[in-house]
Amino acid sequence: MKYYLIAGEASGDLHGSNLIKSIIKRDPNAQFRYYGGDKMLAEGGELVKHYKDTAIMGFVRVAMNARKILGNIADCKDDIAQFAPDILILIDYPGFNLEIAKYAKIVLNLTVVYYIPPKIWAWKEGRVEQIKKYIDKVYCIFPFEVEFYRSHGYENVEYIGNPCVQSVAEANIVKKEDFFLLNGLDADKKIVALLPGSRKQEVEHTIKVLNKLDKSKYNDCQFVMACTGAVDRKLYDNVDSNIVKVYDLTYPLLSFADAAIVNSGTATLETALFNVPEVVVYPIVIPKLLYKFGRKYMLKVSYISLVNIILERELVKELVAFNYTKENVQQCLDDILYNDECRKNIKDGYKEIASALGDAIASDVAAESIRTLLRMK
């Protein structure tokens with residue numbers, strides 16, 4: 001069988017690579033072609049475009065790059081038509097993927113599935129109508145998503161487990177002493193992990209505040225930033241000299257961290273699964289009144305971090321937009337480092353999350369279902 005996958009960022013590349021592995025177990029002769037990244041490429045198949053060349057975020061940058069985006073969409077449509085896959089598998093990345101889904105379903109009459117659907121329950125709920133029209137099946141990664149889709153009249157939805165559970169469980173963690181030695185860390189000091197994100201703009205804005213933190217207040221700690229090859233290394237040139245930088249070692253870093261400051265996204269859930277108390281930040285450069293208007297009338301959820309969304313309460317502090325300041329970060333950091341009651345409360349909440357997500361291997365469940373869909377064609 002021929003499979004075409006589209007992932008538009010680092011997390012999608014990771015989860016796409018796991019799905020490819022699971023499909024190969026069931027279809028050894030599978031042919032793959034995809035938009036993705038290095039992790040998917042490592043599993044075989046043909047990489048059409050790297051997500052580094054397609055990821056554009058922010059209203060202004062999207063507008064400025066409209067011609068490039070439209071060109072990428074046109075190229076992708078042509079490539080899918082030429083490859084003629086048996087199935088198209090979409091991984092998040094809604095602005096791009098929903099446009100491709102429409103073409104694939106209406107023009108090519110392909111079977112189209114969504115593995116890790118966009119978070120339309122939080123933002124742009126109207127996109128559910130596009131999913132109902134163009135997507136044959138949705139594989140959800142949060143239990144509450146099933147009810148969301150069904151409440152909107154879409155029944156071809158299944159909770160398959162959360163891919164982060166698999167990724168964390170299967171993480172290849174080096175020995176602690178080797179990690180500390182390799183990165184010049186002090187074995188007698190606590191680690192504060194800094195996760196600034198994987199998109200250019202969010203990395204830049206997150207680092208600006210992290211640089212301002214008064215590290216001298218934390219003599220028993222060392223600040224370590226999880227840098228990623230998903231963005232240009234030059235972005236990390238301005239990182240404060242008191243922050244140790246490690247590249248593409250996020251999971252080992254979290255496995256040894258005592259606390260974490262995490263840019264909102266999948267990383268907030270991964271941090272929880274590693275049982276590390278965290279404060280969640282999200283640097284939106286936006287006027288206060290406009291932000292408050294957006295929160296009230298555009299966002300459909302009360303929280304931005306997956307940890308709090310899953311639990312439907314504020315377990316970890318969220319510092320968003322104008323609340324993301326040096327003073328607020330340090331106050332929260334004091335709590336998650338030194339307040340035993342706070343740390344215990346957060347870790348107890350993490351246990352609830354692990355129980356809610358379950359231990360199913362999401363990529364295996366999805367791969368089995370995809371094979372069933374293909375056999376029914």
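**Charge distribution, overall dimensions and local backbone features**

The protein carries 49 positive and 49 negative side chains, and the centres of these two sets are separated by 5 Å. The model under analysis is predicted. Its accessible surface amounts to about 17300 Å², and carbon and sulfur atoms contribute 50% of that area.

In terms of secondary structure, 17 helices and 13 strands are assigned to the protein. The C-alpha trace extends over about 60 × 50 × 40 Å along the principal axes. For 377 residues, a radius of gyration near 21 Å would be expected of a compact globule, and the value computed for the protein, 21 Å, agrees with this expectation. Of the 377 residues, 51% are buried. Among contacts with a separation of 6 or more, 66% are formed by residues 24 or more positions apart.

Two helices were examined with respect to length and burial. Helix α1 comprises the 17 residues 10-26, for which a rise of 1.5 Å a residue predicts a span of 24 Å; the end C-alpha atoms lie 25 Å apart, in agreement with the prediction. The buried residues of α1 include the run from G12 through L14, H15, G16, S17 and N18 to L19 and I20, together with S22 and I23. D13 also belongs to the buried set of α1. Helix α17, formed by the 14 residues 362-375, should span 20 Å by the same rise of 1.5 Å a residue, and its end C-alpha atoms are indeed 20 Å apart. In α17 the buried residues are A362, S363, D364, A366, A367, S369, I370, R371 and L374. As a general point, an α-helix has 3.6 residues a turn, so residues three or four places apart point the same way.

The backbone was also inspected for positive phi values. Most residues other than glycine have a negative phi. A84, which is not a glycine, has a positive phi near 50°. This residue, A84, is located in the loop that joins α4 (66-83) and β4 (87-91). With a relative accessible area of 46%, A84 is classed as partly exposed, because this value falls between the cut-offs of 20% and 50%. A second case is E312, likewise not a glycine, whose phi is positive at about 60°. E312 lies in the loop between α14 (306-311) and β13 (318-320). Its relative accessible area is 68%, and E312 is therefore exposed, the cut-off for that class being over 50%.

Methods:
Residues numbered from 1 in each chain as written. Predicted model: local features only at pLDDT ≥ 70, side-chain atom pairs only at ≥ 80, totals over all residues. Heavy atoms only, no water. Helix = DSSP H or I, 4+ residues; strand = E, 2+ residues; numbered from the N terminus. Rg over C-alpha atoms; globule rule 2.2 N^0.38 Å. Buried < 20%, exposed > 50% of the residue type's maximum accessible area, 1.4 Å probe, protein only. Contact = heavy atoms within 4.5 Å. Areas by Shrake-Rupley, 256 points an atom, 1.4 Å probe, with all protein chains shown as cover. Lys, Arg positive; Asp, Glu negative; His and termini not counted. Charge placed at Lys NZ, Arg CZ, Asp CG, Glu CD. Expected span 1.5 Å × (residues − 1).
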